[in-house]
Amino acid sequence: MSPITKPLFFFIFFLNYISLSTSLSLHFPLTSLPLPPSTTFTTSLLSRKNPSPSSHPYNFRSRFKYSMALTISLPIGTPPQAQQMVLDTGSQLSWIQCHRKKKLPPKTSFDPSLSSSFSTLPCSHPLCKPRIPDFTLPTSCDSNRLCHYSYFYADGTFAEGNLVKERITFSNTEITPPLILGCATESSEDRGILGMNRGRLSFISQAKVSRFSYCIPPKSNRPGFTPTGSFYLGDNPNSHGFKYVSLLTFPESQRMPNLDPLAYTVPMIGIKFGLKKLNISGSVFRPDAGGSGQTMVDSGSEFTHLVDAAYDAVRGEVVRRVGRRLKKGYVYGGTADMCFDGNVAMIQRLIGDLVFEFIRGVEILVPKERVLVNVGGGVHCVGIGRSSMLGAASNIIGNVHQQNLWVEFDVTNRRVGFAKADCSRFL
């Protein structure tokens with residue numbers, strides 16, 4: 001797999017029974033440094049408040065490894081088996097590795113025979129029966145009459161297996177109900193996916209989680225070192241400093257061909273370099289009548305991606321400041337062409353700080369020291385790509401621009417919160 005994967009859509013298989021055109025998902029199953037089998041998880045009962053009628057009081061605290069993706073270890077099954085999963089706010093169905101052909105180390109792959117809470121979904125299950133005549137779910141009955149699913153990626157990577165039910169055992173007192181997951185028996189990745197979007201089959205929806213948050217540390221260029229971030233499921237004791245923006249939500253009946261209605265869509269209003277606000281209409285960051293232009297927060301994407309009008313404005317300003325130092329003819333990942341191979345510190349100073357603006361004065365400030373991303377071979381790129389090169393029409397705030405921030409997804413109150421932090425510490 002290339003250093004950055006470029007799917008035109010993330011999952012072909014979406015289980016919310018919306019039209020094929022609205023199931024476009026915009027993220028990157030990115031290659032990361034492998035985690036040792038001994039990676040552990042920690043649980044902290046931070047609060048035992050009475051839950052609201054629509055939520056459970058899960059209070060799980062964990063570390064995750066950050067390379068180009070957020071990789072967390074979760075305790076799956078009974079007794080629990082630690083499974084490495086990519087934390088992805090841009091996808092719905094979660095899946096784990098269930099290889100039986102010794103393609104993965106035994107401690108990496110989930111062994112269903114060792115779990116008393118494991119069960120499979122038969123072909124007669126409603127999820128294997130599409131309800132919309134013009135949308136066929138890529139499921140089928142295998143030779144054992146079990147529900148089979150397939151995920152395909154634009155770069156040729158894939159994951160397929162059976163739909164199953166399994167519990168996540170956070171502690172002796174905090175255990176999820178049986179959740180529908182994918183159990184991948186064939187895949188080209190060595191980790192699973194933890195689907196965290198607003199779809200009804202996401203982990204968040206099935207487990208009835210009210211909120212979750214993470215803090216992504218800065219990337220490291222040290223060979224063999226992968227930084228560690230913090231993840232909270234439930235209440236976060238640091239939330240007193242969070243600034244929130246309300247999510248843009250859309251009726252289920254609203255059909256927009258370019259809209260992902262399950263994404264965490266935020267009201268972005270502009271982009272600045274230092275104190276200079278770029279001449280970009282605020283409408284560029286909000287969905288139009290066809291759904292183009294929505295701005296989503298996606299932990300599963302590394303780079304931020306912008307629609308053409310916004311990208312052209314950003315690139316124009318970068319060219320104005322450091323144009324003659326651009327690496328000519330170089331495009332990283334097929335989408336990012338603001339790249340350099342010269343004096344990094346000087347280029348950072350010339351570009352300055354990058355700011356993403358939201359309503360109510362909420363901002364994501366990317367200091368000049370992190371505006372450029374090391375993509376290897378002595379090349380550094382502004383961490384922004386062009387969405388249209390993905391075949392998409394959305395703005396995506398990737399994890400590279402969520403570093404040293406608390407990002408909280410308050411599902412119950414339909415809002416996202418941000419706060420500056422030193423994410424290199426376990427908070």
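**Exercise 1. Which residue of β12 does F212 stand opposite?**

Before we start, a word on the model. It is predicted, so local features need pLDDT of at least 70 and side-chain atom pairs count only at pLDDT 80 or more, while totals for chains, interfaces and linings use all residues. Residues are numbered from 1 along each chain as its sequence is written, and side-chain values use heavy atoms, with hydrogens and water left out.

*Step 1.* Find the strands, which are DSSP runs of E with at least two residues, numbered from the N terminus. Strand β11 covers residues 211-215, and β12 covers residues 228-233.

*Step 2.* Check the pairing (DSSP must find at least two bridges between two strands). β11 and β12 are antiparallel, with four bridges.

*Step 3.* Read off the partner: F212 stands opposite L233.

*Step 4.* Now look at β25 (residues 405-410), which also pairs with β11 in the antiparallel sense, over five bridges. Here S213 faces E408.

**Exercise 2. Are the two faces of β11 covered or open?**

*Step 1.* Set the cut-offs: buried is under 20% relative accessible area, exposed is over 50%, and partly exposed lies in between, with a 1.4 Å probe and protein chains only.

*Step 2.* Recall the rule: in a regular strand the side chains alternate between the two faces of the sheet.

*Step 3.* Sort the residues. R211, S213 and C215 lie on one side, F212 and Y214 on the other, and all are buried. Both faces are therefore covered, and the tally for β11 is five buried residues of five.

**Exercise 3. Which cysteine does C215 join in a disulfide?**

*Step 1.* Apply the criterion, a pair of cysteine sulfur atoms within 2.5 Å. The structure has three such links.

*Step 2.* Pick out C215: its partner is C423, with S to S 1.9 Å. The link is left-handed, at -70° about the S-S bond.

*Step 3.* Place the two ends. C215 lies in strand β11 and C423 in the segment after β26 (415-420), so the disulfide ties together parts 208 residues apart in sequence. Both cysteines, C215 and C423, are buried.

**Exercise 4. Why is the disulfide of C339 and C381 right-handed?**

*Step 1.* Confirm the bond: C339 and C381 are joined at S to S 2.1 Å.

*Step 2.* Take the torsion about the S-S bond, about 105°, so this disulfide is right-handed.

*Step 3.* Locate the ends: C339 is in strand β18 (residues 339-340) and C381 in strand β22 (residues 379-382), 42 residues apart. C339 and C381 are both buried.
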